Amino acid sequence: MEYRDSARVRELLAQGVLLFDGATGTALCAQSGEREAVERLCLTQPQRVLALHRAYLAAGCKAIKTNTFAAHVLLACENKDDQKTLIRAAYDLARRAGDAYDAAVFADIGPAPVEAQNASACYIGMADLFLSAGLTCFLFETMPGDKGL
């Protein structure tokens, strides 16, 4: 398994603050006003996602997140083939952008679906898919609490 992002994060943190990108989904929606699930853009309009990653990096970010905040909500935690395809595409886009700027790439995982029987299984499933794609840094964000973790 490749750990280049983990090592890069340690290097960046030793230099001081680690500046991330932010609100990728919001930015993608604002660009066109579309209501398509922005995670699917990794498959349907990858150049848009790549351009946004590059814009954040050009603005000075040293860490970017995959465009997967709600991927497990979008895919309801159960369709592993669709999740794997989406995660691989999101990681490839973030990696392509990040490599050009020597930036670290993080797996972005948002809150599990409200209807999920077992939120922990959703998180573990997503983490396993990211690990199998080669990503070792994770950002779990916007969690409503610690129940079900």
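Strand β2, which covers residues 104-109, is mostly covered in this predicted model, with 6 of its 6 residues buried. In a regular strand the side chains alternate between the two faces of the sheet. In β2, Ala104, Phe106 and Asp108 point one way, while Val105, Ala107 and Ile109 point the other way, and all of them are buried.

The strand has a partner in β1 and another in β3. Strand β1, residues 63-65, runs parallel to β2 and is joined to it by 3 bridges, and within this pairing Ala63 stands opposite Ala104. Strand β3, residues 138-140, likewise pairs with β2 in the parallel sense, over 3 bridges, and here Ala107 is the residue of β2 that stands opposite Phe138.

**Cores**

In soluble globular proteins, nonpolar side chains tend to be buried together. The largest nonpolar core of this model has 33 residues, and those with the most contacts inside it are Cys42 and Phe130. At least two residues of this core come from each of α3, α4, α6, β2 and α7, the last of these being residues 119-133. Helix α6 gives the most, with 8 residues. Apart from this core lies another, of 7 residues, which includes Val9, Leu18, Ala63 and Ala104; Ala63 and Ala104 are also the residues that stand opposite each other where β1 meets β2.

Phe130 can be placed by its surroundings: leaving aside neighbours within four places in sequence, Phe130 is in contact with Thr66, Thr68, Ile87, Ala107, Asp108, Ile109, Leu135 and Phe138. Among these, Ala107 and Phe138 are the pair that stand opposite each other between β2 and β3.

Cys42 lies in helix α3, residues 41-44. Not counting residues up to four places away in sequence, Cys42 touches Val49, Asn67, Leu86, Ala89, Ala90 and Leu93. Cys42 and Ile87 are 45 residues apart in sequence, yet their C-alpha atoms are 8.7 Å apart in space.

**Buried residues with computed accessibility**

Three residues count as buried because their relative accessible area falls under 20%, as the values below show.

| Residue | Relative accessible area |
|---|---|
| Cys42 | 4% |
| Cys61 | 7% |
| Arg95 | 8% |

Although Cys42 and Cys61 are both buried, a search of the whole structure finds 0 disulfides. Arg95, for its part, has its place in helix α6, residues 80-101. Once its neighbours within four places in sequence are set aside, Arg95 is in contact with Arg4, Asp5, Ala103 and Val105, and Val105 is one of the residues of β2 that point the same way as Ala107 and Ile109.

**Helix α4**

Does the length of helix α4 agree with, or depart from, the span expected at 1.5 Å a residue? The 13 residues of this helix, 46-58, should span 18 Å, and the end C-alpha atoms are 18 Å apart, so the model agrees with the expected span. The buried residues of α4 are Arg48, Val49, Leu50, Leu52, His53, Tyr56 and Leu57, and of these Val49 is one that Cys42 touches. Just after α4, Gly60 takes a positive phi of about 120 degrees.

Key: Residues numbered from 1 in each chain as written. Predicted model: local features only at pLDDT ≥ 70, side-chain atom pairs only at ≥ 80, totals over all residues. Heavy atoms only, no water. Buried < 20%, exposed > 50% of the residue type's maximum accessible area, 1.4 Å probe, protein only. Helix = DSSP H or I, 4+ residues; strand = E, 2+ residues; numbered from the N terminus. Pairing = 2+ DSSP bridges. Contact = heavy atoms within 4.5 Å. Expected span 1.5 Å × (residues − 1). Core = buried A, V, L, I, M, F, W, Y, C linked by side-chain atoms within 4.5 Å. Disulfide = S-S within 2.5 Å.
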